[in-house]
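Trainee: Could you take one strand of this model and walk me slowly through its surroundings, residue by residue?

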Amino acid sequence: MSELTVTVLRLGLLVLLWVFVMSIASVLRTDLFGTRVVNRRPAAPKKANRAASAPEATTPRPQRNPRVPTQIVLTTGPLTGTSLPLRDSGVLIGRNPECTLVLDDEFASGRHARILRAEDGWYVEDLGSTNGTFVGQYRVGDPVPVETGTAIRIGRTVIELRN
């Protein structure tokens with residue numbers, strides 16, 4: 001082999017070694033500092049002079065059915081006590097920052113499960129996670145109906161739908 005070929009091979013191996021070292025450093029940084037938390041609440045608009053503005057019309061709130069859940073509450077796991085309102089568009093649960101409910105649980109997948117609304121109530125669906133989603137003692141595959149107080153387990157985290 002010529003000297004040029006040996007030099008090119010050495011440089012190629014050196015570059016490959018540095019790519020490997022940098023990927024290890026990236027994984028370690030992610031494990032040490034966790035996922036980035038994204039603020040999803042838009043900034044409230046500043047109100048000018050309250051006295052100068054016209055009085056705002058208040059619309060009556062619709063009566064809510066006490067049997068229909070309105071929020072998600074984490075009852076067990078690293079984020080115990082956290083609550084989140086249920087949206088008609090559904091709630092995406094997982095470790096990725098783009099999820100509606102970001103879990104700090106190493107047994108949860110990036111996009112683990114989804115809670116969605118249908119005409120007859122709320123359903124939970126597993127999104128092909130590695131460790132599975134459980135409603136009570138049963139592992140979920142297809143969408144399964146859930147009612148108020150039903151325990152949904154994702155890794156070490158237990159979630160309940162409440163009023």
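Mentor: Before we begin, contact here means heavy atoms within 4.5 Å. Please also keep in mind that this is a predicted model.

Let us take strand E10, which covers residues 151–154. In a regular strand the side chains alternate between the two faces of the sheet. Along E10 this pattern can be followed by name, for Ile-152 and Ile-154 point to one face and are buried, while Ala-151 and Arg-153 point to the other and are not.

Consider the buried face. Ile-152 is one of the residues that touch the most other members of the largest nonpolar core, which has 20 residues, and Ile-72, Val-91, Ile-93, Leu-101, Ile-115 and Ile-159 share that description. Two or more residues of this core come from E10, as they also do from strands E1, E3, E5, E6 and E11. Ile-115 shows how these parts meet: leaving aside residues up to four places away in sequence, its contacts include Ile-152, Ile-72, Val-91, Trp-122 and Leu-161.

Next come the neighbouring strands. E10 pairs with E11 in the antiparallel sense over four bridges, and in this pairing Ile-152 stands opposite Ile-159. The two strands form a hairpin with two residues between them, and Gly-155 in the turn has a positive phi of about 65 degrees. E10 also pairs with strand E7, residues 133–135, again in the antiparallel sense but over three bridges.

That pairing brings us to the other face, where Arg-153 points. Phe-134 stands opposite Arg-153, and the charged end of Arg-153 sits over the ring of Phe-134, 4.3 Å from its centre.

How values were computed: Residues are numbered from 1 along each chain as its sequence is written. This is a predicted model: local features need pLDDT of at least 70, side-chain atom pairs count only at pLDDT 80 or more; totals for chains, interfaces and linings use all residues. Side-chain values use heavy atoms; hydrogens and water are left out. A charge sits over a ring if NZ of Lys or CZ of Arg is within 6 Å of the ring centre and within 35 degrees of the ring normal. A nonpolar core is a set of buried Ala, Val, Leu, Ile, Met, Phe, Trp, Tyr and Cys residues joined through side-chain atoms within 4.5 Å. Buried means under 20% relative accessible area, exposed over 50%, partly exposed in between (1.4 Å probe, protein chains only). Two strands pair if DSSP finds at least two bridges between them.
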